[in-house]
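Biologist: Could you walk me through one part of this model up close? I'd like to know which residues are around the ligand.

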Amino acid sequence: MKRILVINGPNINLLGLREPDIYGTKSYADLVSFIREASSKAGLTADCFQSNSEGAIVDEIQKAYGNFDGIVINPAAYTHTSIAIPDALKAVGIPAVEVHLSDINSREPYRRVSYTSDACIATVAGKGFEGYEEAIRILQTAVCGGKSRA
Ligand code: DQA
């Protein structure tokens, strides 16, 4: 079975507490359960990783080389500032899909810039938890050619 790595960046661990009008009332633990279920529906196994630190995210992407077939990434605020994260994604060459809970294009102007997009095959934004399911389906098509097992 193909394996995917789902990476969440800074403050995603505070889901539920953090600006619930923007990010919703469900917790990070709820998100992890949602991702596990969506992955298994797509015939994939998912490992979830969350960090508030850019370097730890880069380390995790590097460690994914040879171990994962696809990456779903919500780099959170690092989306708009980090060059190291897209560089790491390009370095390992693992197909990646960027996801955001909120619609980054209809918020503050500084959120409209994503350096991560450059290293991803697709971006899904503004669909809450469902966006992760969509990202997983996009990866499944990219990695398995749409077949649920390969
Ligand atoms: C976010 C959007 C980012 O602009 C913000 O910094 C986040 C979360 C989202 O999921 O909507 O922390 O990536």
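Modeller: Here is a look at the ligand and its surroundings. Keep in mind that this is a predicted model, where local features need pLDDT of at least 70 and side-chain atom pairs count only at pLDDT 80 or more, while totals for chains, interfaces and linings use all residues. Residues are numbered from 1 along each chain as its sequence is written, and side-chain values use heavy atoms, with hydrogens and water left out.

Around the ligand you'll find Arg 18, Tyr 23, Asn 74, Ala 76, Ala 77, His 80, His 100, Leu 101, Ser 102, Ile 104 and Arg 111 (a residue is near a molecule if one of its heavy atoms lies within 4 Å of it). Sorted by class, that shell has 5 nonpolar, 4 polar and 2 charged residues (Ala, Val, Leu, Ile, Met, Phe, Trp, Tyr, Cys and Pro count as nonpolar, Asp, Glu, Lys and Arg as charged, and the others, Gly among them, as polar).

Now for the polar contacts, meaning pairs of N or O atoms within 3.5 Å. In the side chain of Ser 102, an N or O atom is 2.6 Å from an oxygen atom of the ligand. With His 80, a side-chain N or O atom is 2.7 Å from a ligand oxygen. Ala 77 uses its backbone instead: a polar atom there is 3.2 Å from an oxygen atom of the ligand. As for cover, the ligand has 320 Å² of accessible area on its own, and the protein covers 99% of that (areas come from the Shrake-Rupley method with a 1.4 Å probe).

Technical notes. Polar contact = N/O pair within 3.5 Å; in protein donor to acceptor, adjacent residues only side chain to side chain.
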